[in-house]
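Please consider the following multi-chain model, for which a short report on backbone geometry, packing and chain contacts is requested.

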Amino acid sequence: MLRLVVRRLLQLIPTLLGLSVLLFLWLDRLPGGPASAILGEKATEAEVARINRALGLDQPVYVQYWRFLKRIAELDLGTSTQTGQPVWDEFVLRFPATVELSLLAILIAVAVGVPLGYFAARNRGGWLDVTAVSGSLVGICIPVFFLALILKGIFAVQLGIFPSYGRQDTGINATDVTGFAVLDGILTGEFDASWDAIMHLILPAVALASIPLAVIVRMTRASVLEVQDEDYVRTAEAKGLKRSVVRSRHVLRNAMLPVVTAVGLLTGSLLSGAVLTESVFSFGGIGSFIRTAIDGRDYPVLVGFIMFIAMVYVLINLLVDLAYSLIDPRVRVH
Amino acid sequence: MSVATKTDKIQRLAELTATKETSTGASLWREAFRRLKSSKMAIIGAVIIAVFVVIAIVGPYLTPYAPTAQTWRGEVFPNQGKFVGPRGENWFGLDHLGRDMFSRMLVGARQTLLVGVVSTLIGLVAGFLIGGLSGAAATLGGEAGKRVDSVIMRFIDMMLALPSLLLAVSVAAVMGQSLTTVMIAVGVVQVPVFARLLRGSMLAQGGADYVLAAQSLGVRKRRIVTSQIIPNSLSPVIVQATLSLATAIIEAAALSYLGLGNPDPAIPEWGVMLAQAQRFFDNAPMMAVYPAVGIIITALGFTLLGEAMREALDPKLRG
Amino acid sequence: MSLLTVDELTVTFGGRGRKASRAVDGVSFEVDQGQVVGLVGESGCGKSVTSLALMGLLPAKGLTIGGRAEFDGTDLFTMSPSARRDLRGSEMAMIFQDPLSSLNPVVPIGVQVTEILERHRGMKGEAARKEAAHLLDRVGIPDPTRRLKEYPHQLSGGMRQRALIAMAVACAPRLLIADEPTTALDVTIQAQILELLKELVDQEGTALLMITHDLGVVAGLCDQVNVLYAGKVVESAGRRELFAHPTHPYAHGLLGSIPRLDAPRGEPLNPIRGSINDRIAWADGCAFAPRCDRYEMGCLSGTPQLGEPRAAGHQVRCVNPVLDDAKAEEVPA
Amino acid sequence: MRIFKTRAARAITAAVAVGLIATGCASERDSDNESGGKKDTFVFAGAGDPGSLDPALASDGETFRVTRQAFEALLEHESGGTKLVGGLAETWSSNDAGTVWTFNLRKGVKFHDGEEFNAAAVCANYDHWFNWKGTYQSSAVSYYWQTIMGGFAKNEDPETPEANYKSCTAKDEHTAVIEVKQPSANLPGGFSLNALAIHSPKAIKEYEKQEATAKGDAITYPKYSQEAGTVAGTGPYKIVKWNKGNKEVTLERFDDYWGEKAKIKNLVFRTIDTEEGRRQALQAGDIDGYDLVAPADVKTLENEGYVVPTRGVFNLFYVGMSQTANPALKKKEVRQAIAQAIDKENLVKTQLPEGGKVADQFMPDTIQGYSKNVTQYPHDPAKSKQLLKKAGAQNLTIEFCYPTEVTRPYMPAPQDLFELMKADLEEAGIKVKPKAMKWAPDYLDATEAGSCALHMLGWTGDFNDGYNFIGTWFAGFDKQWGFKDKRVFDAVNAGSKMGKAEERTAAYQKANEVIMDYLPGVPISSSPPAIAFGKNVNPPKVSPLTQEVFAEASFK
């Protein structure tokens, strides 16, 4: 177990190194190089030279790269050209929001997707199966931002059930402890705040969940179908076990293995989706921040974010592997 | 016993045995194709795609009006929320600049298909090369090969880690904003998917007996890879390509929404049209609905066919 | 009256789209208390399907079962599903062919044993665990308490089969169905497993229905033997009688095809021609005809009936049975 | 808790249980944002986050919208108008030269941090700015100080303009005298800028302890400007919280305010990036008002019963031409051809908010200095074709830059405007090469650098002085236009050095005629930007300068 963790963490290093090289080259490739990426085209020779000196661009490439690395290692991702604040701080400030959102999205996807896929498989060809499958297919095909807009139009504007934007109502002056709005509410006993935060999360989360949900439904269905006629399920039946036991212990538990891995891989797409959903609901997470960074060509932020995401992604998949090794004993040994 | 009886009893037996069908060993592909034809998903998908492709090809010649001409611009008042819906001369109504929506949809189909196909091709080719390389290295390259393979895979994982949109932005940043950028960006996103897929199935094939056999017979490694492993590893890649067409179209739409799409908004492309129409959703919802539906249905077509193919090729999902 | 009476059992698959195929075609036999009955035949002859049909483990889709199967006087096929569940594992249990795939890879052995105790013997927690350990011990698994915590992939093939047996006998069933229990194991283990089954049967007086293609197993174990071919019983007799006088050309061939130590050197083996695939429909005549050396025109006039050409209680389904043992040896190759 | 309760009531049944708990726990905290059921929090949505809480460091509307509620300058504009009136100074006067400005300060004014407002405080501020060092001298940080007062005590960058500010002296407790070296058209108007609003001297001392740093890539604003607490002005509201994560700044009524107290207790500014997002938030009742309303939505909202006042016209939208980017533009015929190819009427009719006007010079008609007799260039494609022929530029291909992902008060939906003009130009036989760019920094940089042959930009006046318009473009050589024409430059600068407003007005009129005769670019339109409020809101007087004072707002 521990060895696994260590091994994966070690694997993280080459990945990030490679990434850093790419990013370094990319920054270098930017039209006119970093200097004008910072100053814009109006930069005079003098200014460019000054910036170049400031950035140490007059030194040999490997020196530059080394500095670049050192900075990243010190979590110094530079300063946002838009907010004028250190990129790292900006992330730390906004990350909780996105985490909450993504978690809820995955939660929805799993909580709805697994049972749906399961029952679809059980009465294969039945109406539930057909609806679930075709539903999930359509789900993949709707552009996330469009879905988000539709949801918002209906549930926020027309019906007014959910708030149409943001993370918290202004009425709520919730105390900020961890930055996780829902959690804070619980910690401070301001349950109305938690509740309010949840209400704000639901629509974006649903929109964000659409694709993972679709994937999970189909995965679960497929793997349940596969597991159903495994010998050990027959054995369980032969023991005359109650249906519930057969399903939960013998079918589902095995069927979940591939799904767990899928969840890990979905996180990447989830963060992409967050950029769209968050900006539709102007939800104060990393996603909408990146959107503005994209609009404003805020390169330090973009570069920092890419490194950041890479880390998060690898870590999440590490967690998934651990989870996997918990539910599948075969992995544990070798 | 007499010869006569002997012969005719063999005769009799022959015809009796003949009556029962003998199991023919149809090739994976013929099998798959047979199953495809019988799958509703596949048929619906294929039909949708066919229609879409036809529109994309002949559409531009059927447009009743020039898609970029602001023929009726005097009749649309975005600043007062006054738009023109479907009517005799304009079946889908007018867009916010007084252009014929129907014509734009027709021409848009081609643009959309173009983006989808080209970007998928980019992803496919690049992914194929990378995946093929590391797959070959891993299966037949011995220790060194394995090392090469693992390096390449680290790189691929890394690419997987990046949200597609950011890749797009990065590309756009370096290359400037253009349709090509969109295609490349969307294509790049597909690369790791294809690479992993091909490598995966190549590894699977690499272990297969016939490869070992070929090796033991001393067939040259390159030949084994090119003439045996790759051909046999193709099917999942082809499936993925079909599915990717769908994602590519959707991704392109997303890029347009983020304003990274085709810089010349006059040229109709469903993603751009949808992104533009958002603003008028209250006053003229149809302006957004047409391209949205177009995108969704097309993507659905490719997804259906792709999934059907996958099921046809993967016995596990069948039954 | 006997514990299990199978009467004209037919099992037909297919239906939707595909043309129906009849896997079991009017099989009848009986199993008495404490008796060991063998179902013998090549793979594809319908023996496994028969056993699964009796256990009610065949996939419901496109399945039609005909005939009757009375367990202790009650018809299994008309019984309510829940009643059947109660029966399964407690009254009648089954042992499967491939121990690895038949055990749930992600659930510890212990749980897989205790769950049946909880279900049928209402045992809980510690008690159940104790009993489970006892069972494992009984089927000869060393250090059972440790094994309880282990997972299938950590056990050897023999161990796994023993574990499966332990689960089967957990509730002292009155009928035990063993479907090729030894085929997946290597010879030394096979012997041990058979030994184990034997002593279980002797001690508990459990009836055992032995499904196998291995005549050695039959010889070692069974009291009564039914030879199946293409879904029908072609010969049924006591063990000694069958081995002494195989009367149906098929059974005869089977026995003839076993290498014999006592046979003179250099004498060729005489295997049965072709495979179970080249056969004709029972309706047209004897399904074995195409492979049969003794086949003649008469074989093709409708389904041959079971008769007792040689001795009472020795049933044979053949128009031209092997009656003189001398001939058995010199079948033209 | 209002919003919460109503929602809980409507929310899906499954949620209700939790809802009840929530309301239970909410009750004791209800008091602080609701009094007897009457709303006391006003939520207003802007399009972007403010950059800093210190207006002196800012130059963008989103920031000023917030700081204007908390900080006051010596002079102000009359509410809803463009006329200068007393702010923190009750009256003011200058010598004839316009170099010595004397302000008689208001008495009994308190800063949010309890400090007394007086002449010393005023000078503390001006000297603080004048003595800025390091990064504070970057034009990105001190844009407005540099436009109004020039450079600093010690300029560190040769690019920084010469300081025009001389001194500030506290003649007595309530009289401050500010001296400048040269008379300037930016005075007295400049004194009204929120960027030059007066901060508490105590706060200023705090500010001075902190350094703005530029780490090569970007400017890091000093900490005090990024969180509530230190900054303190005299305005009717005081800033109490900036929740960046939630994109909201919270202000609270300042009870010791010298003037009429704010009607609503809490004022919250939130950011909703997209037009439709803001509109939907208003329709959903999540906010009480928002700015930068899409023209298309004005009618819709009005029909739905929302209050959508339009501001007075005080901006200008133009198509700029860079003669460096495309030499063909050096020929007047070509410039004129372009001018006459564009169908301004159509743009105004279909794209700009109602009340928009076609512009015929680089100044809206609401500004002193607007001239009635400038050369007109009516829409006439045929004429354009001739002109092009005459210039020998029949098959002219020209690059046209336009910004994406942005709307400006003078320029709603830039992309649509671009597409329409593109069609116009092509009708006149001019091939257009479109170039889309992100508004900031790409587009702004490109246009300022003059690398876009054609581009669209505009300007909203800071105060009512013609120079604030034409001066920003044509005071001298500017890369954006890339032309040198002494006649134009002289005409424009003529007014700027005159002390007396009416003299200037005449000079500006002349200047406008000269400019339009030379035709450096095409003024397109002036449009009244709309601002939307909830159905139950009595909105503040809307200001042509987009300087609304939310203290005036109240709920019906």
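The report below proceeds from the chains to individual elements and residues.

This is a predicted model, in which local features need pLDDT of at least 70 and side-chain atom pairs count only at pLDDT 80 or more, while totals for chains, interfaces and linings use all residues. Residues are numbered from 1 along each chain as its sequence is written, and chains are lettered from A and ligands numbered from 1 in the order in which they are written.

## Chains and contacts

Chain A contains 14 helices and 0 strands; helices (H or I, at least four residues) and strands (E, at least two) are DSSP runs, numbered from the N terminus. Of the 334 residues in chain A, 52% are buried. A residue is termed buried if 20 or more other C-beta atoms lie within 10 Å of its own, exposed if 12 or fewer, and partly exposed in between, with C-beta atoms placed from the backbone. Among contacts in chain A with a separation of 6 or more, 69% involve residues 24 or more positions apart; a contact requires C-beta atoms, placed from the backbone, within 7 Å.

Of the 5 pairs of chains that touch, chains A and D share the most contacts. Chains C and D have no contact, and their closest C-alpha atoms are 35 Å apart.

## Chain B

An unreviewed UniProt entry lists residues 41–62, 113–140, 152–173, 237–260 and 288–308 of chain B as "transmembrane region". UniProt positions follow the numbering used here, feature names are shortened, and annotations may be inferred rather than shown by experiment. Two of these spans are compared in the table.

| Span of chain B | Helix | Strand | Distance between end C-alpha atoms |
|---|---|---|---|
| Residues 41–62 | 100% | 0% | 30 Å |
| Residues 237–260 | 88% | 0% | 29 Å |

Helix 9 (residues 221–257) of chain B bends by about 40° at B:I230, and the proline B:P231 follows within four residues. The bend is the angle between axes fitted to the seven residues ending at a residue and the seven starting there. After helix 9 of chain B comes B:G259, with a positive phi near 75°.

B:G116 belongs to helix 4 (residues 101–140) of chain B and counts as buried because it has 26 C-beta neighbours inside 10 Å. Leaving aside residues up to four places away in sequence, B:G116 touches B:L245, B:A248 and B:I249. B:G116 and B:A299 are 183 residues apart in sequence, yet their C-alpha atoms are 9.7 Å apart.

## A sheet in chain D

Chain D has an open sheet of 4 strands in the order 6-7-9-8, with antiparallel pairing; strands pair if DSSP finds at least two bridges between them. Strand 6 (89–94) and strand 8 (165–172) of chain D are at the edges with a single partner strand each, so one side of each has no neighbour in the sheet. Strand 7 (residues 100–105) and strand 9 (residues 175–180) of chain D pair over 5 bridges, and D:F103 has D:A176 in strand 9 as its bridge partner.

## Backbone exceptions

Most residues other than glycine have a negative phi, and most peptide bonds are trans. D:L187 and D:P188 are joined by a cis peptide bond, with omega about 5°. C:A230, which is not a glycine, has a positive phi of about 50° and is buried, with 23 C-beta neighbours inside 10 Å. D:K247 has a positive phi near 55° and lies in the loop between strand 12 (237–243) and strand 13 (248–253) of chain D.

Technical notes:
Two residues are in contact if their C-beta atoms, placed from the backbone, lie within 7 Å.
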